[in-house]
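Q: I would like to learn how to read the features of a protein model, one at a time. Could you walk me through this one?

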Amino acid sequence: MAGATSSLILSPWQATLDHYNNKTKRFFVKGYPFPCHHSDPICHSFNIKRRVLPSSSSSSIFKDNHVVTHSSSSSDKLQTHFSMSGCGCSWIQDNSMLHYSATSNWTSKKCSALPTTKTVDVSSVSDLFEFICSGPLVDKIGITPEKVGQAIDKWLLYGSQLCRLFQLNELKLTIPQKARLYHYYIPVFVWCQDQIALHSSKFNDGDDVPPLVIGFSAPQGCGKTTLVFALDYLFKTTKMKSATISIDDFYLTAEGQAKLREENPGNALLEYRGNAGSHDLPFSVETIEALTKLTKEGMKMKVPRYDKSAYSGRGDRADPTTWPEVEGPLKVILFEGWMLGFKPLPAEVVKAVDPQLEIVNKNLEAYYEAWDKYIDAWVVIKIKDPSYVYRWRLQAEVAMRQAGKAGMSDDEVNDFVSRYLPAYKAYLPTLYEEGPSGSEPERVLAIDIDEERNPILAT
């Protein structure tokens with residue numbers, strides 16, 4: 001009898017799904033103004049068919065390297081991000097026959113990311129629940145079916161907000177788009193929220209709680225800037241103040257770069273910005289420490305940015321009048337870079353990779369005190385083969401050329417990437433095996449991605 005009774009008791013997630021898939025097929029989340037594309041508050045994950053009419057106040061047109069959106073609050077931010085990151089974001093534009101292989105149960109489907117006037121099938125909440133729970137990151141970040149069920153309204157909210165940010169039609173997501181949001185960006189956001197809660201718990205009530213600094217170490221072109229862009233947006237839409245910085249923001253000025261070249265004649269790895277030695281470390285310390293002190297309302301500061309187009313592409317620090325301003329109290333600082341967490345190695349090890357790397361390795365000794373010691377939690381995006389960087393950079397440059405912008409030729413891309421590959425070959429194995437310098441293993445989220453930049457289960 002007891003067993004029969006227990007079978008009638010719903011678990012939290014089953015009760016949640018039962019509530020959302022009730023007879024009315026209506027969906028309302030108390031206290032959450034869903035940013036849907038349409039006036040009806042029914043979101044994209046319901047077991048119904050409905051006719052979708054294009055909104056008269058907003059329309060989206062996908063072009064080569066960005067989305068042109070009319071009357072959209074996020075379109076300017078989106079276009080600025082794409083132009084700065086050099087990312088074509090193919091997962092946003094993909095409308096072809098697709099097969100998502102990170103999980104075993106999802107088959108090829110033809111889906112359109114553009115608004116449609118045709119009747120569409122809208123997935124049920126239970127389908128989305130199963131999709132979320134099948135993601136490759138769920139075990140790593142401690143997501144259980146019960147936790148997903150209890151917070152399904154928030155997952156739906158986050159998905160809807162990201163659709164608005166990237167100008168996607170949330171009723172017609174392709175499998176890659178759905179995976180990018182629900183298997184990647186949102187799980188990482190949930191993990192970041194947990195890290196912030198853990199950080200805040202170490203302080204007493206009434207204390208000034210400094211923002212948590214989360215480091216994102218990932219190779220160039222793998223999508224880390226777009227990930228941080230999405231996370232920053234989600235933090236802001238959930239009323240948590242955040243700031244984003246990149247190691248790029250701390251490159252030497254044009255004058256400093258010229259001096260670095262003169263001091264290292266013939267060293268191709270230090271001819272241009274990028275490797276250890278080409279950053280203004282005292283300036284980065286000053287910036288990070290100032291950001292961590294933004295703990296009260298009304299406290300503000302401008303965050304430095306770097307102009308990579310200055311001096312025919314050699315770059316220079318941007319005019320301070322153009323730097324974005326952030327305001328406290330900050331909850332989190334998102335710090336991203338391709339070489340964050342790299343550790344100096346014995347001289348003979350780096351010389352075996354490339355003799356020119358010896359001075360770079362020596363320069364790297366000062367980077368822990370300037371960067372890594374300030375980082376409390378880490379996201380490390382791992383790739384199987386450093387040569388992926390070449391393909392990703394080539395894709396970005398082709399997209400820029402197709403969009404009518406100045407882009408590097410294939411030979412120039414090869415020369416550009418060749419200046420970074422020695423560092424990848426030398427330092428990535430240790431980073432992946434031991435974690436970033438000074439990091440705590442339980443506060444490191446390692447994410448393996450494939451050549452299409454999708455998270456995968458580690459082999």
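Q: Which residues do ring pairs link into a cluster?
A: Happy to start there. This is a predicted model, and in it ring pairs join Phe250, Phe283, Trp323, Phe335, Tyr367 and Trp371 into a cluster. Across the whole structure, a search finds 17 aromatic pairs. One of them is Phe250 with Phe283, an edge-to-face pair with 6.0 Å from centre to centre and 80 degrees between the planes.

Q: Where in the chain do Phe250 and Phe283 sit?
A: Phe250 is in the loop between strand 8 and helix 10 (254-263), while Phe283 is in helix 11 (residues 281-292). The two are 33 residues apart, and the pair links distant parts of the chain.

Q: Are Phe250 and Phe283 buried or exposed?
A: Both of these residues are buried.

Q: Why is the pair of Trp338 and Tyr424 called edge-to-face?
A: The general idea is to look at the angle between the ring planes: over 60 degrees counts as edge-to-face. The planes of Trp338 and Tyr424 are at 70 degrees, with ring centres 5.2 Å apart, so this pair is edge-to-face. Trp338 lies in the loop between strand 13 and helix 12 (347-353) and Tyr424 in helix 17 (residues 421-434), so the pair ties together parts that are 86 residues apart in sequence.

Q: How do I decide on burial for Trp338 and Tyr424?
A: Read the relative accessible area against the cut-off: under 20% means buried. Trp338 has 3%, so Trp338 is buried. Tyr424 is at 0% and counts as buried.

Q: Which charged residue lies over the face of Phe283?
A: That is Arg317, at 4.1 Å from the ring centre. Elsewhere, the charged end of Lys178 sits over the ring of Phe131, 4.9 Å from its centre.

Q: With which residue does Arg317 form a salt bridge?
A: The partner of Arg317 is Asp280, and the closest N and O atoms are 3.3 Å apart. This pair links distant parts of the chain, with Arg317 in strand 11 (residues 316-317) and Asp280 in the loop between helix 10 and helix 11, 37 residues apart.

Q: How many salt bridges does a search of the whole structure find?
A: The search finds 15 salt bridges. Glu271, Asp415 and Arg419 are linked in a network of them.

Q: What separates Asp232 and Lys236 in helix 9?
A: They are 4 residues apart in helix 9 (residues 224-237), so about one helical turn separates them. Their salt bridge has its closest N and O atoms 2.7 Å apart. Asp232 is at 15% relative accessibility and so counts as buried, whereas Lys236, with a relative accessible area of 39%, is partly exposed.

Q: Which helix holds both Arg393 and Glu397?
A: Both lie in helix 15 (residues 388-402), 4 residues apart, about one turn of the helix. Their side chains meet in a salt bridge, 2.6 Å from N to O. Arg393 has a relative accessible area of 29%, so Arg393 is partly exposed. Glu397, with 3%, is buried.

Q: In what order do the 6 strands form an open sheet?
A: The order is 8-13-7-14-15-16, and the pairing is mixed. Strand 8 (242-246) and strand 16 (455-456) are the edge strands, since each pairs on one side only. To follow one pairing, take strand 7 (residues 212-217) and strand 13 (residues 332-337): they run parallel and are joined by 6 bridges. Leu212 has Val332 in strand 13 as its bridge partner.

Q: What does His199 touch, not counting residues up to four places away in sequence?
A: His199 touches Val209, Pro210, Pro211, Leu212 and Arg443. This histidine is found in helix 8 (residues 175-200), and at 8% relative accessibility His199 counts as buried.

Q: How many helices and strands does the protein chain have, and what percentage of its residues count as buried?
A: The chain has 17 helices and 16 strands, and 50% of its 459 residues count as buried. Among contacts with a separation of 6 or more, 75% come from residues 24 or more positions apart. The accessible surface is about 21300 Å², and 51% of that belongs to carbon and sulfur atoms.

Note on methods. Residues numbered from 1 in each chain as written. Heavy atoms only, no water. Buried < 20%, exposed > 50% of the residue type's maximum accessible area, 1.4 Å probe, protein only. Contact = heavy atoms within 4.5 Å. Areas by Shrake-Rupley, 256 points an atom, 1.4 Å probe, with all protein chains shown as cover. Pairing = 2+ DSSP bridges. Phe/Tyr/Trp six-rings, centres within 6.5 Å; stacked < 30°, edge-to-face > 60°. Lys NZ or Arg CZ within 6 Å of the ring centre and 35° of its normal. Salt bridge = Lys/Arg side-chain N within 4 Å of Asp/Glu carboxyl O.
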